[in-house]
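Take a walk through this model with the coordinates open. Keep a viewer at hand and follow each stop in turn.

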Amino acid sequence: MRYVKLGSSGLRISRICLGMMSYGDPRNREWMLREDAAEPIVRRAVEAGVTFFDTADMYSGGASEKITGRLLSKLFARRDDYVLATKVYFPTGPGPNDRGSSRKHVLAAIDDSLTRLGTDHVDLYQIHRWDHETPIEETMEALHDVVRAGKARYIGASSMYAWQFAKAQHAAQAAGWTRFVSMQNHYNLVYREEEREMIPLCLDQGVGVIPWSPLARGLLTGSRRRDGRQRTVRSGSDPLAGSMYQDVDFDVVDAVRAVAGERGLPPAQLALAWLLGRPGVSAPIVGAGRVEHLDDAIASADVSLSEEEAALLEAPYRPHQIIGHS
């Protein structure tokens, strides 16, 4: 496993991050794995040198954080041996303050997350989305207080417009508060709109990019076909997958399969290798429902693409409407 710094921060992470959203209660999502089924996958990740794990308070009603905390404490000898990330914003209860990025919710949510995770701190605490109802100054000051209290080592953000991210960073800098070190955004071979403004901003500001859905919810692996057939439980029970991507995106999938065939590699490895080679990308966040999914992700870190191969993968791309910010 290779290790890099998260942007210009001093935090070192594995080049592959294991996303823990797949682990929780199948009653919430059919494709979620219970703890006993998740353990072999997480154990394989640890054995392969993965040290970066990402979850969120709203995944499976908090069950993901509980499973994440138990498994990591079991599989690592020391808390400092891994980098733990979680997120706040989406509803975690029925009350009007059980959501968003207000000071009240942020300070309550971090304590709830730490309880579920069974630890006294997270390494990276992220706002899951932009809160249109809360002044960004209030959010940034609350996040700064979380860091000052020792409950988080760094803070990050997830999908939003570049102007919003710049506004948040400016608010923090102007007040002397903690700034974001990472951007967890929607970025893959079939959705590259982040290359227009967000990624150049992150490169300029030294912010690490940790893309979510690096395989386009399985589209780039061949889990869905042009004729509508689904090949996995996830692809057949994921309503967002059909709305996020277009028929034209299958031209990119075909290019991935062609180059992968020439190289004798699984499509997932090619798609992840392309993403790992993009400017600013520190570590894609990869979900794994089977050990072989994880093995493909780990192997991708050692795959290099030629300029000609990258050009073939990129050529079929067509612009998209902005998706993933809500």
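What follows goes from the core to two helix pairs and then to single residues.

The model is predicted. Begin with its nonpolar interior. The largest nonpolar core has 86 residues. Those with the most contacts inside this core are Leu18, Tyr23, Val42, Phe53, Tyr125 and Leu220. Helix H10 gives the most to this core, with 7 residues. A further core lies apart from the largest one and holds 12 residues. Among its members are Leu11, Ile13, Cys17 and Ala85.

Pick Leu220 for a closer look. Which residues does Leu220 touch, leaving out those up to four places away in sequence? On one list are Asn188, Leu189, Val190, Pro214 and Leu215, along with Val252, Val253 and Val256. Pro267, Ala268 and Ala271 complete the set. Pro267 and the two alanines bring us to H10, which spans residues 267-276.

Is H10 mostly covered or mostly open? H10 is mostly covered, with 9 of its 10 residues buried. The buried ones are Ala268, Gln269, Leu270, Ala271 and Leu272, followed by Ala273, Trp274, Leu275 and Leu276. These buried residues pack against four elements. They are helix H9 (249-263), strand E10 (285-287), helix H11 and helix H12 (307-314).

H11 deserves its own view. Two packed helices are described by the angle between their axes and the distance between the axes. For H10 and H11 (residues 291-300), the axes come within 8 Å and cross at roughly 40°. Angles under 35 degrees count as roughly parallel, and 65 to 115 as roughly perpendicular. H10 and H11 are therefore oblique to each other. Their crossing is right-handed. On the H10 side, the contact uses Ala268, Gln269, Leu272, Ala273 and Leu276. H11 supplies Asp296, Ala297, Ala299 and Ser300. Sorted by class, this contact has 6 nonpolar, 2 polar and 1 charged residues.

Now turn to another pair. Helix H4 (residues 136-148) packs on helix H5 (residues 162-175) at an angle of about 60°, with axes 9 Å apart. That angle makes H4 oblique to H5. H4 passes H5 in a right-handed crossing. In the contact, Ile136, Glu137 and Met140 of H4 meet Lys167, Ala168, Ala171 and Ala172 of H5. The contact of H4 with H5 divides into 5 nonpolar, no polar and 2 charged residues.

Just past H4 comes a loop stop. Ala149 sits in the loop between H4 and strand E7 (152-158). Why does Ala149 count as exposed? The cut-off for exposed is over 50% relative accessible area. Ala149 has 52% relative accessibility, so it counts as exposed. As a distance check, take Val286: its C-alpha atom is separated from that of Ala149 by 30 Å. Along the chain, the two are 137 residues apart.

For the opposite case, go to Thr86 in strand E5 (residues 83-88). Its relative accessible area is 0%, so Thr86 is buried. Beyond residues up to four places away in sequence, Thr86 touches Thr55, Ala56, Asp57 and Glu65. Its list also includes Ser113, Leu117, Val122, Leu124, Tyr125 and Gln126. Tyr125 is one of the residues with the most contacts inside the largest core.

Backbone angles come next. Most residues other than glycine have a negative phi. Where in this model do Ser213 and Arg217 lie? Ser213 is in the loop between strand E9 (208-209) and helix H7 (233-236). Arg217 is also in the loop between E9 and H7. Phi of Ser213 is near 50°, a positive value. Phi of Arg217 is near 55°, a positive value too. Ser213 is buried, with a relative accessible area of 13%. Arg217 has 18% relative accessibility and counts as buried.

Finish at Ile322, in the segment after H12. Is Ile322 buried or partly exposed? With a relative accessible area of 40%, Ile322 is partly exposed. Tyr161, Tyr191 and Glu193 are touched by Ile322, not counting residues up to four places away in sequence. Ile322 and Met160 are 162 residues apart in sequence. In space, their C-alpha atoms are 9.8 Å apart.

How values were computed. Residues are numbered from 1 along each chain as its sequence is written. This is a predicted model: local features need pLDDT of at least 70, side-chain atom pairs count only at pLDDT 80 or more; totals for chains, interfaces and linings use all residues. Side-chain values use heavy atoms; hydrogens and water are left out. Axes are lines fitted to C-alpha atoms, for helices over the stretch in contact, and angles run from 0 to 180 degrees between N-to-C directions. Angles under 35 degrees count as roughly parallel, over 145 as roughly antiparallel, 65 to 115 as roughly perpendicular and the rest as oblique. A crossing is left-handed if the near helix is turned anticlockwise from the far one by less than a right angle, and right-handed if clockwise. Contact means heavy atoms within 4.5 Å. Ala, Val, Leu, Ile, Met, Phe, Trp, Tyr, Cys and Pro count as nonpolar, Asp, Glu, Lys and Arg as charged, and the others, Gly among them, as polar. A nonpolar core is a set of buried Ala, Val, Leu, Ile, Met, Phe, Trp, Tyr and Cys residues joined through side-chain atoms within 4.5 Å. Buried means under 20% relative accessible area, exposed over 50%, partly exposed in between (1.4 Å probe, protein chains only).
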